[in-house]
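Dear colleague,

I am handing over the structure we spoke about, so that you can look through it alongside my notes. Please open it before reading on.

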Amino acid sequence: QVQLVESGGGLVQAGGSLRLSCAASGNIFVINDMGWYRQAPGKQRELVARITAGHTTNYVDSVKGRFTISRDNGKNTVYLQMSSLKPEDTAVYYCYADLIRGTGGTLDAWGQGTLVTVSS
């Protein structure tokens, strides 16, 4: 079993900042990519950011320059530092990990979601 536990969501005013955390635990041999999706009400889920085990990053254009993804491989934790938040960033944010199980095989694991609400 693998669990990803998220924290850090909340309510902030436009222009504010939040830092999301996601810690993976369980039957893990290697974590490859980690990242964050978000889903706003009535909209499709979109990939916000991802980071490889070697710390290569990718971002959706709408958050470039405002969000920073990072990871601590020793802690199996991925972070999303969000600055200059806009109301359009309001969504439930889900972390994921593309990993290899300790017992073999691959798995895409997901966090439970954390709500980010940005008021105007």
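What follows is a short account of the strand pairing and of one residue in it.

Please keep in mind that this is a predicted model.

I begin with the sheet that holds strand 8. It is an open sheet of four strands, arranged in the order 1-3-8-7 and paired in the antiparallel sense. Strand 1 (2-7) and strand 7 (67-72) are at its edges, and because each has a single partner strand, one side of each is left without a neighbour in the sheet. On average, and ignoring direction, neighbouring strands of this sheet are turned by 15° against each other.

Strand 8, which covers residues 77-82, pairs with strand 3 (residues 18-26) through six antiparallel bridges, and on that side L18 has M82 as its bridge partner. Six bridges, again antiparallel, connect strand 8 with strand 7; here R71 is partnered by V78, while D72 is partnered by T77. Strand 7 and strand 8 also make a hairpin with four residues between them, and N76, in the turn, has a positive phi of about 50°. As for burial, strand 8 is largely enclosed by the rest of the structure, because five of its six residues are buried.

T77 deserves a closer look. Is T77 buried or exposed? Its relative accessibility is 7%, and since buried means under 20%, T77 counts as buried. The side chain of T77 reaches the backbone oxygen of K75 at a distance of 2.9 Å. If neighbours within four places in sequence are left aside, the residues in contact with T77 are C22, A23, M34, S70, R71 and D72. D72 in that list is also the bridge partner of T77, and M34 leads on to the next group of strands, as it stands opposite I51 in strand 5.

That second group centres on strand 4. Strand 4 (residues 28-39) and strand 9 (residues 91-101) pair in the antiparallel sense over nine bridges, with G35 standing opposite Y96 in strand 9. Strand 4 is also joined to strand 5 (residues 46-51) by five bridges, the two strands running antiparallel. Strand 4 and strand 5 form a hairpin as well, with six residues between them, and in its turn G42 has a positive phi of about 75°.

With best regards

How values were computed. Residues are numbered from 1 along each chain as its sequence is written. This is a predicted model: local features need pLDDT of at least 70, side-chain atom pairs count only at pLDDT 80 or more; totals for chains, interfaces and linings use all residues. Side-chain values use heavy atoms; hydrogens and water are left out. Buried means under 20% relative accessible area, exposed over 50%, partly exposed in between (1.4 Å probe, protein chains only). A polar contact is a pair of N or O atoms within 3.5 Å; within protein, one must be able to donate a hydrogen and the other to accept it, and residues adjacent in sequence count only if both atoms are side-chain atoms. Contact means heavy atoms within 4.5 Å. Two strands pair if DSSP finds at least two bridges between them. Axes are lines fitted to C-alpha atoms, for helices over the stretch in contact, and angles run from 0 to 180 degrees between N-to-C directions.
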